[in-house]
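I opened my notebook for a quiet look through this structure. Here is what I looked up, entry by entry.

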Amino acid sequence: MAGLATKLTILRVALIPLFALFYYCHPESWGQWLALWVYVIACVTDYFDGYLARRMKEVSAFGAFLDPVADKLMVCVILVIVLSHFPEQWLLLCTLIIIAREIWISALREWMASMNMRDVVAVGKVGKWKTTAQMLALGFLIFREPFIGLPIWQIGQVLLIIAAALTLYSMLLYTQQAWQALNQTK
């Protein structure tokens, strides 16, 4: 039976269609608020599933597999949905960069794991900064309406561009680390 941490990860995956439903219901009014709250809940479960898995010693192979998959699914779905409503070139470019990086790094990690070198492409500081900028950006882009005088959409744009730049940088770092490790084994 799955532990609480894994159940939270499964919940995060289950929230993806709920997010899409709320966002598409009324993207210019209450649906936008509900979609934002679903996203916030997903972000909170993302934090707590890892914390609880370590604290309660419920770390499992399935949980370790599902957690990054849930993250990538949520990010990709949100980016595509927001892009479908706002087909702007900067957003398309950021979306392509982020999705391509996720595919590249997933494949790189799988390849390195097959060579018993999984730790070579473990998450580093730049990856965590990227994730933080990306999570904040998505929240702002989901909500997008000015709030107490703040230009929410513009803040989301800047944060997503920063996240895309960090995405490229982290991809280069992880690829370089993997390349160096592979060259050392020859």
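**Entry 1: Arg12**

I began with Arg12, which counts as buried because its relative accessible area is 2%, below the 20% cut-off. This is a predicted model, so I take the numbers here as computed from it. Next I asked what Arg12 forms a salt bridge with. The partner is Asp46, with the closest N and O atoms 3.5 Å apart. I then placed the pair along the chain: Arg12 is in helix α1 and Asp46 in helix α2, 34 residues apart.

**Entry 2: charges around Glu102**

I moved on to Glu102, which is buried at 5% relative accessibility. Which side chains does Glu102 meet in salt bridges? I noted Lys72 at 3.2 Å, N to O, Arg101 at 3.3 Å and Lys130 at 3.0 Å. With Lys130 the link joins distant parts of the chain, since Glu102 sits in helix α4 and Lys130 in helix α5, 28 residues apart. I checked burial for two of these partners: Lys130 counts as buried at 4% relative accessibility, and Arg101 is buried with a relative accessible area of 4%.

I also jotted down the general point that side chains of opposite charge can pair when their charged atoms come close. For the whole structure, my tally reads 7 salt bridges.

**Entry 3: helix α5**

Lys130 led me to α5, which runs over residues 125-143. Its 19 residues reach 27 Å from first C-alpha to last, close to the 27 Å expected. I listed its buried residues, among them Val126, Gly127, Lys130, Ala133, Gln134 and Ala137. What covers the buried residues of α5? I found that the cover includes α1, α2, α3, α4 and α6. Just after the helix, I marked Arg144, which takes a positive phi of about 55°.

I stopped at Gln134, which lies in α5 and is buried with a relative accessible area of 3%. Leaving aside neighbours within four places in sequence, I saw Gln134 in contact with Tyr39, Val75, Ile98, Glu102, Ala163 and Thr167. Glu102 from my previous entry thus turns up again, as a contact of Gln134.

**Entry 4: helix α3**

I gave α3 the same kind of check. Its 25 residues should span 36 Å at 1.5 Å a residue, and the end C-alpha atoms are 37 Å apart, which agrees. Its buried residues include Leu66, Met74, Val75, Leu79 and Leu83. I found that the buried residues of α3 pack against α1, α2, α4, α5 and α6.

**Entry 5: the two domains**

I looked up the domain assignment, which gives domain 1 as 1-85 and domain 2 as 87-185. Their centres, taken over C-alpha atoms, are separated by 17 Å. Between them I counted 21 residues of domain 1 in contact with 21 residues of domain 2. How much area is buried between domain 1 and domain 2? I noted about 1900 Å², with carbon and sulfur atoms giving 73% of it. Gln32, Leu79 and Leu83 supply 32% of the area that domain 1 buries against domain 2, more than any other three residues.

I closed with the polar side of this interface: 1 salt bridge and 4 residue pairs in polar contact. On the side of domain 1 that touches domain 2, α1, α2 and α3 each give two or more residues. The largest share, 10 residues, comes from α3.

Technical notes. Residues are numbered from 1 along each chain as its sequence is written. This is a predicted model: local features need pLDDT of at least 70, side-chain atom pairs count only at pLDDT 80 or more; totals for chains, interfaces and linings use all residues. Side-chain values use heavy atoms; hydrogens and water are left out. Helices (H or I, at least four residues) and strands (E, at least two) are DSSP runs, numbered from the N terminus. The expected span of a helix is 1.5 Å times one less than its number of residues. Buried means under 20% relative accessible area, exposed over 50%, partly exposed in between (1.4 Å probe, protein chains only). Contact means heavy atoms within 4.5 Å. Domain bounds come from an automatic or database domain assignment. Buried area is the accessible area (1.4 Å probe) that two parts lose on being put together, summed over both. A salt bridge is a side-chain nitrogen of Lys or Arg within 4 Å of a carboxyl oxygen of Asp or Glu. A polar contact is a pair of N or O atoms within 3.5 Å; within protein, one must be able to donate a hydrogen and the other to accept it, and residues adjacent in sequence count only if both atoms are side-chain atoms.
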